[in-house]
There are 2 protein chains.
Amino acid sequence: MTSDARAAAVPPAAAGLRERKKAKTRATIRAVAMQLFTSQGYAATTVEQIAESAEVSPSTFFRYFPTKEDVVVTDDYDPLIIEAIRAQPPETPVADAVLLGMRQVFERLTEQEWDSERRRQELFRSVPELLARQLQATVAAVEMLTGVIAERLGVPPTDFGARALAGAFVGVSLTFLPPGRPHHFDSHDFDNVREALIGLRTHLEPLQP
Amino acid sequence: MTSDARAAAVPPAAAGLRERKKAKTRATIRAVAMQLFTSQGYAATTVEQIAESAEVSPSTFFRYFPTKEDVVVTDDYDPLIIEAIRAQPPETPVADAVLLGMRQVFERLTEQEWDSERRRQELFRSVPELLARQLQATVAAVEMLTGVIAERLGVPPTDFGARALAGAFVGVSLTFLPPGRPHHFDSHDFDNVREALIGLRTHLEPLQP
DNA sequence: TATTAAATGACAGCTACTCTCAAATTATGG
DNA sequence: CCATAATTTGAGAGTAGCTGTCATTTAATA
């Protein structure tokens, strides 16, 4: 949703053997890949190496992840955030609902999940191509956010006000990933986003229609 | 600055012969590349083809553009926008100064420049990898925008308020590139961005510190 | 004009990614 | 439990983006 909060999914407990095996393979590939990336660097790690470590063929790697970048970029958190926002009481103002929803998802992460999340962020910071793809995913997520916001406001999802609010959220959130300087996004940062939004009002005030 | 307003630069009139030749080569490569992209498609056009059409070797192509993507993504407009914002009278409120500055640069484009700009936008819409890289460039531009805003506000460029405002601008602007639907960004859209920002105030109002 | 610096082209090599086809594995109906 | 159908997998060949090296050409300088 913001450019963070993404990690490996836990394979669902029950399902056909086929499904479970696929989920396990996918998780394994991602795990060993992240391991190799953080130890040798992203560029220095070849798909062949990943495949070998995961004990699959390179062909299989590409069946699970269309590109090498997808191993890092893909995640399953966005739906959780949407749901969390939807779960906020109706009397809560939209802006608060969004902030609280995002925050809650982050707060529920286990220590282990935070760990892989930090490694992901580290990769985004050091590998420009990954950041680019991550931003693309983020922009796509704005669509979803627009959806929930519109729902809450009781307007159609095409409403410009809803779109603009979603855009502002994401735009402001992105500024908390400072260039270069290693700052790991954590749930505390939502307070900062909140304050930033409040500060925004000062500058928007003078705008006359 | 937003994800638009980028095109080929006009080679400066005077300079050493070397400089002029380089500028001409660069412009030629970009021109023939854009031509091929729009006629055959981006993926279907190989660097070898571009090099041949531009009458240079593939090696030379990569000396001018580090990647095939850079042919489309690179531009020289950001400095113009920054300058235009700076040129706004000091009594103009920041938000207005930014909007007016951006708008002016767009208004000064020639019909020819608009044409290539539209082709660029078309490529961003149809080629995901290009959009990703473009977004990366956009985020980088937020830094510059933060700089001017901070300047105007008389605060250090690290100020969170300045960063947040810059982020909000870009975030809101991005929402005017609707997914899929072919809408070409033009200078008129700045009125919409302006209205969207005004609408934002309603939702930010209820936020309590 | 002679010398120096820069731009270019040819070539080799690596790797991400695609496609095809045969072998292996899992699901399903009797 | 077995036969058959549907998926998943691996192997191998091929394309193209990109990097690096080195000799050759072209522009700048004295």
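Here are three short exercises on a predicted model, each with a worked solution.

**Exercise 1. Describe the make-up of chain A: how many helices and strands are there, and what share of its residues is buried?**

Step 1: Start with the secondary structure, which comes to 10 helices and 0 strands in chain A.
Step 2: Walk along the chain from the N terminus, and the elements read α-α-α-α-α-α-α-α-α-α.
Step 3: Turn to burial. A residue counts as buried if 20 or more other C-beta atoms lie within 10 Å of its own. By that count, 37% of the 209 residues of chain A are buried.
Step 4: Look at the contacts in chain A with a separation of 6 or more: 59% of them join residues 24 or more positions apart.

**Exercise 2. Work out which elements of chain A touch chain B, and what classes of residue they bring.**

Step 1: Count the residues in the contact, which are 39 from chain A and 39 from chain B.
Step 2: Find the elements on the chain A side that give two or more residues: α6 (94-107), α8 (128-153), α9 (160-174) and α10 (189-204).
Step 3: Pick out the largest share, which is the 12 residues of α9(A).
Step 4: Sort this side of chain A by class, giving 26 nonpolar, 7 polar and 6 charged residues.

**Exercise 3. Find what surrounds DNA strand C.**

Step 1: Note that 18 residues surround DNA strand C, the closest being A:Leu17, A:Thr67, A:Lys68, B:Ser57 and B:Thr60.
Step 2: List the elements that each supply at least two residues: α1, α2 and α3 of chain A, with α1 and α3 of chain B.
Step 3: See that α3(B) gives the most, with 3 residues.
Step 4: Sort this surface by class, and you get 5 nonpolar, 8 polar and 5 charged residues.

Notes: Residues numbered from 1 in each chain as written. Chains lettered and ligands numbered in written order. Predicted model: local features only at pLDDT ≥ 70, side-chain atom pairs only at ≥ 80, totals over all residues. Contact = placed C-beta atoms within 7 Å. Helix = DSSP H or I, 4+ residues; strand = E, 2+ residues; numbered from the N terminus. Nonpolar A, V, L, I, M, F, W, Y, C, P; charged D, E, K, R; others polar. Near = placed C-beta within 6 Å. Buried ≥ 20, exposed ≤ 12 C-beta atoms within 10 Å, placed from the backbone.
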